[in-house]
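Visitor: I should like to go through this model step by step, with a short reasoned reply to each question. May we begin once it is in view?

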Amino acid sequence: MLKPLRQGLPPLDPAAVSDAASCALPARFEAVREARRFTGRTLEQWDVGDRFDDICLVVSELVTNALRHAVPAAPRGGEEHPSVRLHLMRWTERLVCAVRDPSHESPAPRDSDDFSAESGRGLFLVDSFADSWGWHPLAGTLDGKVVWALFRLHTAG
């Protein structure tokens with residue numbers, strides 16, 4: 001079920017992006033709330049139809065996973081630098097949420113059948129609500145990886 005790990009995005013023409021938005025998130029768990037607010041405000045401006053709640057949930061899970069598993073703890077009293085970046089890109093019939101983090105570790109689902117556990121189901125939820133998802137390492141001067149989720153948008157007509 002959770003096979004799409006390490007897949008690249010399906011072919012999407014970058015020149016055909018109709019809308020894009022991005023925000024840097026600090027290495028604090030309050031950043032999940034900030035990401036949800038940013039996503040909600042952005043999606044209200046875009047026509048995403050009935051996918052609004054699915055996209056917001058997946059963004060929350062991707063950002064939570066990045067903060068929990070991919071961001072080193074910030075030193076006390078030190079300056080906080082954005083460690084995670086959220087990107088939203090919309091084409092006519094598709095939307096991609098991408099979360100960049102500094103880790104080289106593969107996102108891996110937990111092996112647990114305990115559905116009453118309070119954590120450990122993030123990638124299961126991403127897999128359940130997104131149409132596809134995957135990740136890839138960053139290249140060049142950028143360090144880390146991007147975990148993405150793709151949503152098909154139902155357009156009128």
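Visitor: Which residue in strand 5 stands opposite Val99?

Guide: Strands here are DSSP runs of E with at least two residues, helices are DSSP runs of H or I with at least four, and both are numbered from the N terminus. Opposite Val99, in strand 5, stands Val147.

Visitor: On what basis are such details reported?

Guide: This is a predicted model, in which local features need pLDDT of at least 70 and side-chain atom pairs count only at pLDDT 80 or more, while totals for chains, interfaces and linings use all residues. Residues are numbered from 1 along each chain as its sequence is written, and side-chain values use heavy atoms, with hydrogens and water left out.

Visitor: Over how many bridges do strand 3 and strand 5 pair?

Guide: Two strands count as paired if DSSP finds at least two bridges between them. Strand 3 covers residues 94-101, and its pairing with strand 5 is antiparallel. The number of bridges in this pairing is eight.

Visitor: Which strands stand at the edges of the sheet?

Guide: The sheet is open, has five strands with antiparallel pairing, and follows the order 1-2-3-5-4. Each edge strand has a single partner strand, so one side of each lacks a neighbour in the sheet. The edge strands are strand 1 and strand 4.

Visitor: What angle does the direction of helix 2 make with that of strand 3?

Guide: Axes are lines fitted to C-alpha atoms, for helices over the stretch in contact, and angles between N-to-C directions run from 0 to 180 degrees. Helix 2, residues 52-70, packs on the sheet and touches strand 1, strand 2, strand 3 and strand 5, where contact means heavy atoms within 4.5 Å. With strand 3, the angle is about 15 degrees.

Visitor: In what pattern do helices and strands follow one another along the sequence?

Guide: The chain contains three helices and five strands. Read along the sequence, their pattern is β-α-α-β-β-α-β-β.

Visitor: Is Thr39 buried or exposed?

Guide: Buried means under 20% relative accessible area, exposed over 50%, and partly exposed in between, with a 1.4 Å probe and protein chains only. Thr39 belongs to helix 1, residues 30-45, and beyond its neighbours within four places in sequence it contacts Ile55, Cys56, Val59, Leu86 and Leu88. Because its relative accessibility is 0%, Thr39 counts as buried.

Visitor: How many residues apart are the partners Asp19 and Arg90?

Guide: A salt bridge requires a side-chain nitrogen of Lys or Arg within 4 Å of a carboxyl oxygen of Asp or Glu. The side chains of Asp19 and Arg90 form one, at 2.4 Å from N to O. Asp19 lies in strand 1 (residues 19-25) and Arg90 in strand 2 (residues 84-90), so the pair links distant parts of the chain, and Arg90 is buried at 15% relative accessibility. Their separation along the chain is 71 residues.

Visitor: Which residues do salt bridges that share partners join into one network?

Guide: Asp54 and Arg51 meet in a salt bridge at 3.2 Å, N to O, and Arg152 forms another with Asp131, their closest N and O atoms being 3.7 Å apart. Arg152 lies in strand 5 (residues 145-152) and Asp131 in the loop between helix 3 (122-129) and strand 4 (132-137), so this pair ties together parts 21 residues apart in sequence. The network consists of Arg51, Asp54, Asp131 and Arg152.

Visitor: Why does Cys56 form no bond with the sulfur of Cys97?

Guide: A disulfide needs two cysteine sulfur atoms within 2.5 Å, and the structure holds zero disulfides. Cys56 is buried, at 14% relative accessibility. The closest cysteine sulfur to that of Cys56 is in Cys97, too far for a bond because the distance is 8.5 Å.

Visitor: What distance separates the C-alpha atoms of Gly144 and Pro102?

Guide: Gly144 is in the loop between strand 4 and strand 5 and is buried at 1% relative accessibility. Apart from neighbours within four places in sequence, its contacts include Asp101, Pro102 and Pro137. Gly144 and Pro102 are 42 residues apart along the chain, yet the separation of their C-alpha atoms is 4.0 Å.
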